[in-house]
Every structure is written in structure tokens, then in C-alpha cells.
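These are my notebook entries on one residue and the strand that holds it. I began with the turn beside that strand and then worked inward.

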Amino acid sequence: QVQLVESGGGLVQVGGSLRLSCAASGLTFSMNDMGWFRQAPGKERVFVSAINWSGGSTYYADSVKGRFTISRDNGKNTVYLQMNSLNREDTAVYYCAARLRGLVEFGYWGQGTQVTVSS
């Protein structure tokens, strides 16, 4: 059974930083691309960032480019999202997702972790 468990969310002030983690189990982590998505209140879930199976390629939404950094540790089956210079528009539930290498859609999702940025 595949499990993706996010952690590291919380309440932070504008301009602050948080580091999200997503621990994966039940899959061959090194064969999966990993992604982060977020859903703000009343809005649809949107793409934030992704990293390919090897860590050699990373992708970012324009809204987070230069502020967020995605990384992974295949030895620990964990993907991270370092979030700096947070603003109120970053407030959302953040979801981790996994996609088997070669596929288009992310097929496995975590439960999400809340990030709240206050002024």
C-alpha cells in the first residue's frame, strides 16, 4: 500500500520560511517523479513544483520560482520543499504526489499539510 505522509506545515509570518517533507512508502521511490501541489481555500488544487526520479530535473510554477526549492533523498524515500519569502498567497494545503516514471498523471497523493502565512 502506497503511503505519502507530509509534514512540516504550520503558521509562519510573511517573509518567513518553512520546509515541507514527504515520506513515501510502499513504492520504489527512485522510480517515481515527485511533485508538490497546493489548494487554497475556495480554489482548485494547482501545481507548485516537481522533481524527476533522479533529482536531475526540477520544475516550478511561476508564482514560486526563486522562492521555493524542491529536492529529494532517494536513500530516505523523502522529498522536500523549502519555502522562503513566504507571502499570504502561499497559504494553502500542500499535497505531495508521486508519478511512476514515464507516466503523465500523478497517481498517488498524500493527505496534505496546512501552511498558513500571516501578516
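**Entries on a hairpin and its strand**

I looked first at the hairpin of β4 and β5, which has 5 residues between the strands, and found that Gly42 takes a positive phi near 75 degrees there. I note that this is a predicted model, in which local features need pLDDT of at least 70 and side-chain atom pairs count only at pLDDT 80 or more, while totals for chains, interfaces and linings use all residues. Residues are numbered from 1 along each chain as its sequence is written, and side-chain values use heavy atoms, with hydrogens and water left out.

I took strands as DSSP runs of E with at least two residues, numbered from the N terminus. Two strands pair if DSSP finds at least two bridges between them.

I then looked up the partners of β4. Strand β5 (residues 45-51) pairs with β4 in the antiparallel sense over 6 bridges, and Gln39 stands opposite Arg45 in β5. Strand β9 (residues 92-100) is joined to β4 by 8 bridges, also antiparallel; here Asp33 stands opposite Arg99.

Next I checked burial (under 20% relative accessible area, with a 1.4 Å probe and protein chains only). In β4, 7 of its 8 residues are buried.

Last, I turned to Arg38, which lies in β4 (residues 32-39). Arg38 is buried, with a relative accessible area of 10%. Its side chain makes a polar contact (N or O atoms within 3.5 Å, one able to donate a hydrogen and the other to accept it) with the side chain of Tyr94, at 2.8 Å.

How values were computed. Helices (H or I, at least four residues) and strands (E, at least two) are DSSP runs, numbered from the N terminus. Buried means under 20% relative accessible area, exposed over 50%, partly exposed in between (1.4 Å probe, protein chains only).
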